[in-house]
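Welcome! Here are some short exercises on reading a protein model, each with a worked solution. Have a look at the structure first, then try each task before reading on.

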Amino acid sequence: HFNSLKTIVIDIKRQKLINAIIYFVKNTKNCKKMKLFKLLYFLDFIHFKLYGNTVTGLDYFAWPMGPVPRELYNEFSSDDNLEDFKNYFRVDKETDLEDPKKYSFNIILKQKTPDMSVFTPKEKKILEDIVFQFKDVTAKDMSEITHLKNMPWDKTIKQKGENALIDYELAIDEDTKLPLEDIRERFKLERALTKH
């Protein structure tokens, strides 16, 4: 029974990820790959801080440009790894006119409306708050926010170095209402149900 429950939870997290991507691309300006990654990072880390688990189940790594969900980055970079994504959107590589060696990723929505029923009311509130806060903000400006001193990305870079996994517990601060042991228990359960 545990394996069938695990499959259900992984599928739910995947549906939340797909619909969060649609929601952010539809409701914010210039939401290309880097901005999207930062929006997802805020979604997961804010939810973790408040409730002890993530929305998407993604892990984020401290890359030089900010927190990056490496698994999703690899899916976006691969042509054949986006099977379930293909129904909802496609990711186009666009060459930078000033530097032909660089390119950005445009997310082209096929399904224009996210299925908000996959989210809890608390998750919806966080999604709405993030869109309200970052609707017109550029990915570059968001980098400045994620790079602030003593934020999870900054702490990870200083303690473990570039490309290291950003520990969700670094999101815990004075706004966190749950006891640490409850947070750890919830996160441990989520990981048991979502990771191989």
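**Exercise 1.** Is the crossing of α2 and α5 left-handed or right-handed?

*Solution.* Keep in mind that this is a predicted model.
- Step 1: Find the two helices; α5 covers residues 139-146, and α2 covers 33-51.
- Step 2: Look at their axes, which come within 9 Å and cross at roughly 35 degrees.
- Step 3: Judge the handedness: α2 and α5 cross in a left-handed way.
- Step 4: See who meets whom. Met34, Lys35, Lys38, Leu39, Tyr41 and Phe42 of α2 are in contact with Ala139, Met142, Ser143, Ile145 and Thr146 of α5.
- Step 5: Sort this contact by class, which gives seven nonpolar, two polar and two charged residues.

**Exercise 2.** Work out how α2 and α3 are oriented to each other.

*Solution.*
- Step 1: Take the angle: the axes of α2 and α3 cross at roughly 155 degrees and come within 11 Å.
- Step 2: Apply the cut-off. Angles over 145 degrees count as roughly antiparallel, and therefore α2 and α3 are roughly antiparallel to each other.
- Step 3: Add the handedness, which is right-handed for α2 passing α3.
- Step 4: List the partners. From α2 come Lys33, Leu36, Phe37 and Leu40, and they meet Leu72, Tyr73 and Phe76 from α3.
- Step 5: Classify them: six are nonpolar, none is polar and one is charged.

**Exercise 3.** Decide whether leucine 58 is buried or exposed, and find its contacts.

*Solution.*
- Step 1: Locate leucine 58 in the loop between α2 and β1.
- Step 2: Compare its relative accessible area of 8% with the cut-off for buried, which is under 20%. Leucine 58 is therefore buried.
- Step 3: Leave aside neighbours within four places in sequence; leucine 58 then contacts Leu17, Leu40, Asp44, Pro69, Leu72, Tyr168 and Arg191.

**Exercise 4.** Which element gives the largest share of the largest nonpolar core?

*Solution.*
- Step 1: Recall a general tendency: in soluble globular proteins, nonpolar side chains tend to be buried together.
- Step 2: Here the largest nonpolar core has 49 residues, and Ile21, Phe24, Leu40, Leu72, Phe76 and Phe89 have the most contacts inside it.
- Step 3: Check the elements giving two or more residues to this core; among them are α1, α2, β3 and α7.
- Step 4: The largest share, nine residues, comes from α2.
- Step 5: Zoom in on phenylalanine 24. Beyond four places in sequence, the residues that phenylalanine 24 touches include Leu36, Leu39, Leu40 and Leu43.

Notes:
Residues numbered from 1 in each chain as written. Predicted model: local features only at pLDDT ≥ 70, side-chain atom pairs only at ≥ 80, totals over all residues. Heavy atoms only, no water. Core = buried A, V, L, I, M, F, W, Y, C linked by side-chain atoms within 4.5 Å. Buried < 20%, exposed > 50% of the residue type's maximum accessible area, 1.4 Å probe, protein only. Helix = DSSP H or I, 4+ residues; strand = E, 2+ residues; numbered from the N terminus. Contact = heavy atoms within 4.5 Å. Axes fitted to C-alpha atoms, helices over the stretch in contact; angles between N-to-C directions. Parallel < 35°, antiparallel > 145°, perpendicular 65-115°, else oblique. Left-handed = near helix turned anticlockwise from the far one by under 90°. Nonpolar A, V, L, I, M, F, W, Y, C, P; charged D, E, K, R; others polar.
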